Amino acid sequence: MLKINGQEIQAPAEISWERQPQSSYAERNANGLLNRETLPDKQVLKCTWLYWDKEEFADLVEQLSSLTREFIQVTFLHPAGEERTIEAYISPISAKMLDCHKRYGARWSELKCNFVER
């Protein structure tokens with residue numbers, strides 16, 4: 001289950017969740033000790049969709065691509081067991097070509113994108 005701005009989208013074949021610590025700077029002093037200023041942790045959802053109908057795949061690529069310049073609301077099932085919503089941006093989006101035929105054109109698979117918490 002995955003929703004973008006309240007609208008459910010095609011379910012990914014795989015979702016991976018990460019909690020990433022953030023820092024504004026990190027440097028070592030003369031004794032080799034690390035000094036850093038920490039910021040709030042951010043969540044990252046890594047999603048993968050496998051090949052299905054060519055038109056549906058193309059529609060999802062276009063839908064995700066149209067959202068890369070704005071912050072969006074992403075609702076997902078959190079590993080803690082409840083549904084959560086984060087404000088996020090999409091980066092990067094990628095897909096792998098499965099094969100290409102002169103007669104039928106290209107087939108793509110493994111559409112991937114990350115939703116990174118703002």
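## Exercises on a seven-stranded sheet

In this predicted model, 3 bridges join β1 to strand β5 (residues 72-77), and the two strands run antiparallel. The exercises below start from that pairing.

**Exercise 1. Work out the strand order of the sheet, and explain why one side of β2 and of β3 is left without a neighbour.**

Step 1. Begin with β1 and follow the pairing with β5, where Leu 2 has Phe 76 as its bridge partner.

Step 2. Turn to the other partner of β1: strand β1 (residues 2-4) pairs with β2 in the antiparallel sense over 2 bridges, and Lys 3 has Glu 8 in β2 as its bridge partner.

Step 3. Continue from β5, which pairs with strand β6 (residues 83-101) in the antiparallel sense over 6 bridges; within this pair, Gln 73 stands opposite Glu 87 in β6.

Step 4. From β6, pass on to strand β7 (residues 105-117), to which β6 is joined by 10 bridges, again with the strands running antiparallel; His 101 has Gly 105 in β7 as its bridge partner.

Step 5. Add the pair formed by β3 and strand β4 (residues 34-49), which is antiparallel and extends over 13 bridges, with Leu 45 in β4 as the bridge partner of Trp 17.

Step 6. Put the pairs together: the result is an open sheet of 7 strands in the order β2-β1-β5-β6-β7-β4-β3, with antiparallel pairing. Because β2 (7-8) and β3 (14-28) stand at the edges with a single partner strand each, one side of each has no neighbour in the sheet.

**Exercise 2. Find how many residues lie between the strands of each of these hairpins: β3 and β4, β5 and β6, β6 and β7.**

Step 1. For β3 and β4, there are 5 residues between the strands, and Gly 32 in this hairpin takes a positive phi near 85°.

Step 2. For β5 and β6, there are likewise 5 residues between the strands, and Gly 81 in the turn has a positive phi of about 110°.

Step 3. For β6 and β7, the hairpin has 3 residues between its strands.

**Exercise 3. Which residue forms a salt bridge with Asp 41, and in which strands do the two residues of the pair lie?**

Step 1. The structure holds 6 salt bridges, and one of them joins Asp 41 to Arg 19, with the closest N and O atoms 3.4 Å apart. This separation falls within the 4 Å cut-off that is applied to such pairs.

Step 2. Asp 41 is in strand β4 and Arg 19 is in strand β3, so that the pair, 22 residues apart, links distant parts of the chain.

**Exercise 4. Locate the helix among the elements of the protein, and say which residues gather in the patch of negative charge on the surface.**

Step 1. The secondary structure comes to 1 helix and 7 strands, and from the N terminus on the elements run β-β-β-β-α-β-β-β.

Step 2. The negative patch on the surface gathers Asp 53, Glu 55, Glu 56, Asp 59 and Glu 62; one of these residues, Glu 55, has its place in helix α1 (residues 54-65).

**Exercise 5. Set the radius of gyration of the protein against that of a compact globule of 118 residues.**

Step 1. A compact globule of 118 residues would have a radius of gyration near 13 Å, whereas the protein has 18 Å.

Step 2. Add the extent of the C-alpha trace, which spans about 65 × 35 × 25 Å along the principal axes of the protein.

Methods
Residues are numbered from 1 along each chain as its sequence is written. This is a predicted model: local features need pLDDT of at least 70, side-chain atom pairs count only at pLDDT 80 or more; totals for chains, interfaces and linings use all residues. Side-chain values use heavy atoms; hydrogens and water are left out. Patches are made of residues with over 30% relative accessible area and no salt bridge: like charges are joined within 9 Å, nonpolar side chains (Val, Leu, Ile, Met, Phe, Trp, Tyr) within 5 Å. Accessible areas come from the Shrake-Rupley method with a 1.4 Å probe; for residues, only the protein chains shown count as cover. A salt bridge is a side-chain nitrogen of Lys or Arg within 4 Å of a carboxyl oxygen of Asp or Glu. Lys and Arg count as positive and Asp and Glu as negative; His and the chain ends are not counted. The place of a charge is taken as NZ of Lys, CZ of Arg, CG of Asp or CD of Glu. Helices (H or I, at least four residues) and strands (E, at least two) are DSSP runs, numbered from the N terminus. Two strands pair if DSSP finds at least two bridges between them. The radius of gyration is taken over C-alpha atoms; the globule rule is 2.2 Å times the number of residues to the power 0.38.
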